[in-house]
Amino acid sequence: MRAKPNLKKPCDVCNYDPQDRMYEEWGKDMNLFKQRKRDKKLVKEECEHHEMLHSNHICKPVWRKCCGILDRYTVTFKDSKYGFPKYLK
């Protein structure tokens, strides 16, 4: 059974407070947790969209190990036959 994300109190390790990203006016939770299928799907779609726009990039999400919140996306360059453009050298 998967653990549900705790939306009531801050993480003990990183002090991330999920209440900072709750928008009561809209009734939306803007947190992205690894434990929720909906959030994993959104993050995967975002990476696929980025890779579609930038074919020489590899996009991967980085989740915090302590609370399972999305920390950042890492984007790396694929190895290219053609090398880097002149303006990047």
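**Exercise 1. Find the partners of Asp-71, and decide how open to solvent each residue of the group is.**

Step 1. Start with Arg-72: Asp-71 makes a salt bridge with Arg-72, and their closest N and O atoms lie 2.8 Å apart. Keep in mind as you work that this is a predicted model.

Step 2. Now look for another partner. The side chain of Asp-71 also meets that of Arg-64 in a salt bridge, at 3.3 Å from N to O.

Step 3. Turn to accessibility, where partly exposed lies between 20% and 50%. Asp-71 has a relative accessible area of 34%, so Asp-71 is partly exposed. Arg-72, at 44%, counts as partly exposed, and Arg-64 is partly exposed at 27%.

**Exercise 2. Trace the salt bridges around Asp-39.**

Step 1. A search of the whole structure gives four salt bridges. One of them joins Asp-39 to Arg-36, with the closest N and O atoms 2.8 Å apart.

Step 2. Widen the view: Arg-36, Arg-38 and Asp-39 are linked in a salt-bridge network.

Step 3. Are Asp-39 and Arg-36 buried or exposed? Both Asp-39 and Arg-36 are buried.

**Exercise 3. Describe the surroundings of His-57.**

Step 1. Place the residue first: His-57 belongs to strand 3, which covers residues 57-63.

Step 2. Check its cover. The relative accessible area of His-57 is 14%, so His-57 is buried; the cut-off for buried is under 20%.

Step 3. List the contacts. Setting aside neighbours within four places in sequence, His-57 touches His-50, Glu-51, Val-75, Thr-76, Phe-77 and Lys-78. With His-50 there is also a polar contact of 2.9 Å between the side chains.

**Exercise 4. Locate Asp-12 and compare its position in sequence with its position in space.**

Step 1. Asp-12 sits in the segment before strand 1 (22-23).

Step 2. Asp-12 has a relative accessible area of 69%, so Asp-12 is exposed; exposed means over 50%.

Step 3. Along the chain, Asp-12 and Cys-67 are 55 residues apart, while 8.7 Å separates their C-alpha atoms.

**Exercise 5. Sketch the whole protein and say where the prediction is most confident.**

Step 1. Count the elements: there are one helix and four strands. In sequence order they give the pattern β-β-α-β-β.

Step 2. Consider burial: 19% of the 89 residues count as buried.

Step 3. Read the confidence. The average pLDDT is 79, and 70% of the residues score at least 70. Among the elements, helix 1 (residues 37-53) has the highest mean pLDDT, 94, and strand 1 the lowest, 62.

Terms used. Residues numbered from 1 in each chain as written. Predicted model: local features only at pLDDT ≥ 70, side-chain atom pairs only at ≥ 80, totals over all residues. Heavy atoms only, no water. Helix = DSSP H or I, 4+ residues; strand = E, 2+ residues; numbered from the N terminus. Buried < 20%, exposed > 50% of the residue type's maximum accessible area, 1.4 Å probe, protein only. Polar contact = N/O pair within 3.5 Å; in protein donor to acceptor, adjacent residues only side chain to side chain. Contact = heavy atoms within 4.5 Å. pLDDT = per-residue confidence, 0-100.
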